[in-house]
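Here's a protein chain to explore together. Take a moment to turn it around on your screen, then read on for a tour of some spots worth finding.

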Amino acid sequence: MNIENTQAQMRKGILEYCILLIVAGKDSYVQDIINKLKDSKILVVEGTLYPLMTRLKNAGLLSYRWEESPQGPPRKYYSITAEGQQALKALENSWNELITSIETLKTSHCNHSTHLS
């Protein structure tokens, strides 16, 4: 089993949720999002993030505006839409259900292992 590949797939699976969480907290441009993900130990490169941002925008979950930057060209700042807020709530519920399910499995496994010894 390739653990690194499995870990990468797990991170990819939650990336949209993480992006919506970040943008819901504060309008952000791509480098902000990358930095926040890195600070959270979720490593992602621009080449992965840009297509995902476009997909979220095209789905109506994010919108953007251009803003002048004191350090170079204008930046595209993303904000969450009302539809994005609804999607974020649904993903939050799914995430909490997933955590509960995993914890149930872990507890069940630990209890089962204890009975075997």
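## A tour of the fold

Let's start with Tyr 17, which is buried, with a relative accessible area of 9%. Keep in mind as you look that this is a predicted model.

Which residue does Tyr 17 pair up with? Its partner is Trp 95, and the two rings make a tilted aromatic pair, with 6.0 Å from centre to centre and 40° between the planes. The angle is what earns the name "tilted", because planes under 30 degrees apart would count as stacked and planes over 60 as edge-to-face. Unlike buried Tyr 17, Trp 95 is partly exposed, at 30% relative accessible area. Tyr 17 belongs to helix H1 and Trp 95 to helix H4, so this pair ties together parts that sit 78 residues apart in sequence. In the whole structure, the search turns up 4 aromatic pairs.

There's an aromatic cluster to find as well: Tyr 64, Trp 66 and Tyr 78 form it together. Have a look at the face of Tyr 64 while you're there, as Lys 76 lies over it, 4.2 Å from the ring centre.

### Into the core

In soluble globular proteins, nonpolar side chains tend to be buried together. Here, the largest nonpolar core has 23 residues, and the ones that touch the most other members are Ile 19, Ile 33, Leu 37, Leu 49, Met 53 and Leu 62. Which elements give two or more residues to this core? They are helix H1 (3-25), helix H2 (30-39), helix H3 (46-58), strand E2 (72-80) and helix H4 (82-116). H1 gives the largest share, with 7 residues.

Two core members are good places to zoom in. Ile 19 is in contact with Ile 33, Leu 49, Leu 52, Met 53, Leu 56 and Leu 62, if you skip its neighbours within four places in sequence. Met 53, found in helix H3, counts as buried because its relative accessible area is 0%, and the cut-off is under 20%. With neighbours within four places left aside again, Met 53 is in contact with Ile 19, Val 30, Ile 33, Leu 62 and Tyr 78. That last name should ring a bell, since Tyr 78 is also part of the aromatic cluster.

### How far apart?

Now for some C-alpha distances. Try finding each of these pairs in the model.

| Pair | Separation in sequence | C-alpha distance |
|---|---|---|
| Met 53 and Glu 16 | 37 residues | 8.6 Å |
| Ala 90 and Lys 36 | 54 residues | 22 Å |
| Ile 99 and Leu 49 | 50 residues | 25 Å |

Two residues from the table share an element: Ala 90 lies in helix H4, and Ile 99 is found in helix H4 too. Are they buried or exposed, or something in between? Ala 90 is partly exposed, with a relative accessible area of 39%, and Ile 99 also counts as partly exposed, at 37%.

### A serine and a lysine

Next, head over to Ser 69, in strand E1 (residues 62-69). Ser 69 is buried, with a relative accessible area of 12%. What does its side chain do there? A polar atom of the Ser 69 side chain lies 3.1 Å from the backbone nitrogen of Gln 71. The side chains of Ser 69 and Arg 75 are also joined, through a polar contact of 3.5 Å. Not counting residues up to four places away in sequence, Ser 69 touches Pro 74 and Arg 75.

For a contrast, go to Lys 41, in the loop between H2 and H3. Lys 41 counts as exposed, because its relative accessibility is 70% and the cut-off is over 50%. Its backbone is worth a glance too: phi of Lys 41 is near 70°, a positive value in a residue other than glycine.

### What the record adds

Finally, UniProt has an unreviewed entry that places the feature "domain: Transcription regulator PadR N-terminal" at residues 19-89. Over residues 19-89, the chain is 54% helix and 24% strand. The C-alpha atoms at the two ends of that stretch are 13 Å apart.

Terms used:
Residues numbered from 1 in each chain as written. Predicted model: local features only at pLDDT ≥ 70, side-chain atom pairs only at ≥ 80, totals over all residues. Heavy atoms only, no water. Core = buried A, V, L, I, M, F, W, Y, C linked by side-chain atoms within 4.5 Å. Buried < 20%, exposed > 50% of the residue type's maximum accessible area, 1.4 Å probe, protein only. Helix = DSSP H or I, 4+ residues; strand = E, 2+ residues; numbered from the N terminus. Contact = heavy atoms within 4.5 Å. Phe/Tyr/Trp six-rings, centres within 6.5 Å; stacked < 30°, edge-to-face > 60°. Lys NZ or Arg CZ within 6 Å of the ring centre and 35° of its normal. UniProt positions renumbered as here; feature names shortened; annotations may be inferred. Polar contact = N/O pair within 3.5 Å; in protein donor to acceptor, adjacent residues only side chain to side chain.
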